[in-house]
Amino acid sequence: MPADVEAIAERVFTALADPTRRAILAALAAGGPATATDLADRLPVTRQAIAKHLALMAEAGLVTAEPGERRRVRYRLRSAPMQVAQQFLAALARDWDRSLEALAEHLDQSVRKPTTTPLQKARKHV
Amino acid sequence: MGFPDRIERTVEIAHPPSEVWAALTTAEGLAAWFGNEASVDLRPGGSAWMTWTNGHTVDMRVERVEEPTVFGFTWQIYGLPKDDPRRTYVEFTLEPVGAGTRLTVVESGFAQLPTDAHRTAYDGNTKGWASELGELVSYLDAG
């Protein structure tokens with residue numbers, strides 16, 4: 001696995017570990033691009049603190065800065081790094097152990113009771 | 001961190017490969033242990049799907065069919081939106097062991113990078129235009 005992929009995922013998890021940054025990302029996801037001042041109006045956090053978090057997240061590639069009205073910088077959510085992190089989580093969430101157990105169980109039961117009613121599922125996939 | 005790009009599991013099953021093969025590659029088999037309902041067009045390039053009673057659905061594309069030893073398909077990545085084009089590849093390998101089967105499943109492709117090609121092209125164009133306009137302005141200013 002390329003080292004930069006891991007670095008991207010690590011930055012996403014670091015960003016998401018902080019409740020203020022999660023609130024900022026959620027606000028950008030729900031309401032679209034916004035300035036630090038817009039976000040300070042919506043969240044119980046000072047504009048200075050928001051600006052600091054936005055700078056960190058811009059460096060991590062989670063938001064991009066773009067020119068807004070009245071020379072203010074507007075921040076836009078960038079989902080690509082989150083999709084990388086999501087794929088790592090997908091690998092952890094894929095549960096082949098249980099699926100294979102269900103397969104073995106299915107084969108055992110179908111041999112013992114070949115004309116049985118539909119088998120009770122040992123688990124649901126999701 | 002060391003996140004996996006591939007997941008690999010091997011289990012020994014006390015049934016011959018022909019039975020395991022049927023459980024893996026038929027709609028009836030898949031619906032019995034994996035999904036709640038399934039459909040399989042068993043040929044490379046064929047489509048297949050499974051649904052669960054909770055409403056979850058997964059679309060698969062059959063890639064390898066070498067009865068009774070290799071069955072491979074791609075499917076959507078767990079946890080990504082349904083319209084996301086990225087997929088992981090799942091390959092089952094069956095090997096006879098005595099009267100039973102050694103079954104290996106490998107799922108790979110979790111570490112695919114998102115397709116940033118569009119973004120790169122877009123950024124490149126923006127920069128290209130910026131520099132061309134800059135040149136135009138310089139030319140007009142000089143004139």
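Me: At roughly what angle do the axes of helix 2 (residues 19-31) and helix 4 (residues 47-59) of chain A cross?
Reply: This is a predicted model, in which local features need pLDDT of at least 70 and side-chain atom pairs pLDDT 80 or more, while totals for chains, interfaces and linings use all residues. Residues are numbered from 1 along each chain, chains are lettered from A and ligands numbered from 1 as written, and side-chain values use heavy atoms, without hydrogens or water. The axes (lines fitted to C-alpha atoms over the stretch in contact, with angles from 0 to 180 degrees between N-to-C directions) of helix 2 and helix 4 of chain A come within 10 Å of each other, and they cross at roughly 80 degrees. That crossing makes helix 2 of chain A, relative to helix 4 of chain A, roughly perpendicular (65 to 115 degrees).

Me: Which residues of helix 4 of chain A meet helix 2 of chain A?
Reply: On the side of helix 2 of chain A, the contact (heavy atoms within 4.5 Å) is made by A:T20, A:R21, A:I24, A:L25 and A:L28. The residues of this contact divide into seven nonpolar, two polar and one charged. On the side of helix 4 of chain A, the residues are A:I50, A:H53, A:L54, A:L56 and A:M57.

Me: In what order do the elements of chain B run from the N terminus?
Reply: Chain B comes to three helices and seven strands (DSSP runs of H or I with at least four residues, and of E with at least two). Of its 143 residues, 38% count as buried (under 20% relative accessible area, with exposed over 50% and a 1.4 Å probe). From the N terminus on, the elements of chain B run β-α-α-β-β-β-β-β-β-α.

Me: What geometry does the pair of B:W21 and B:F71 have?
Reply: B:W21 in helix 1 (residues 17-25) and B:F71 in strand 5 (residues 70-76) of chain B lie 50 residues apart, so that their pair links distant parts of the chain. Both B:W21 and B:F71 are buried. Their ring centres are 6.2 Å apart (pairs need 6.5 Å or less) and their planes stand at 70 degrees, so the pair is edge-to-face (over 60 degrees).

Me: What is the angle between the ring planes of B:F73 and B:F92?
Reply: B:F73 lies in strand 5 of chain B and B:F92 in strand 6 (residues 87-97), so the pair ties together parts that are 19 residues apart in sequence. B:F73 is buried at 2% relative accessible area, and B:F92 is buried at 1%. With 6.3 Å centre to centre, the pair is tilted (30 to 60 degrees), and the angle between the planes is 40 degrees.

Me: Which residue of chain A is in the cluster that ring pairs link?
Reply: A search of the whole structure finds 11 aromatic pairs over all chains. From chain B, the cluster takes in B:W21, B:W33, B:F34, B:W52, B:F71, B:F73, B:W75 and B:F92. From chain A, the cluster includes A:W96.

Me: Which residue joins B:E67 through a cis peptide bond?
Reply: Most peptide bonds are trans. The cis bond in question has an omega of about -5 degrees, and the partner of B:E67 is placed in the loop between strand 4 (57-66) and strand 5 of chain B. That partner is B:P68.

Me: What value does phi take at A:R71?
Reply: A:R71 lies in the loop between strand 2 and strand 3 of chain A, and it is exposed, with a relative accessible area of 85%. In that loop is also A:R70, whose phi is near 45 degrees. Although A:R71 is not a glycine, its phi is positive, at about 60 degrees.

Methods: Parallel < 35°, antiparallel > 145°, perpendicular 65-115°, else oblique. Nonpolar A, V, L, I, M, F, W, Y, C, P; charged D, E, K, R; others polar. Phe/Tyr/Trp six-rings, centres within 6.5 Å; stacked < 30°, edge-to-face > 60°.
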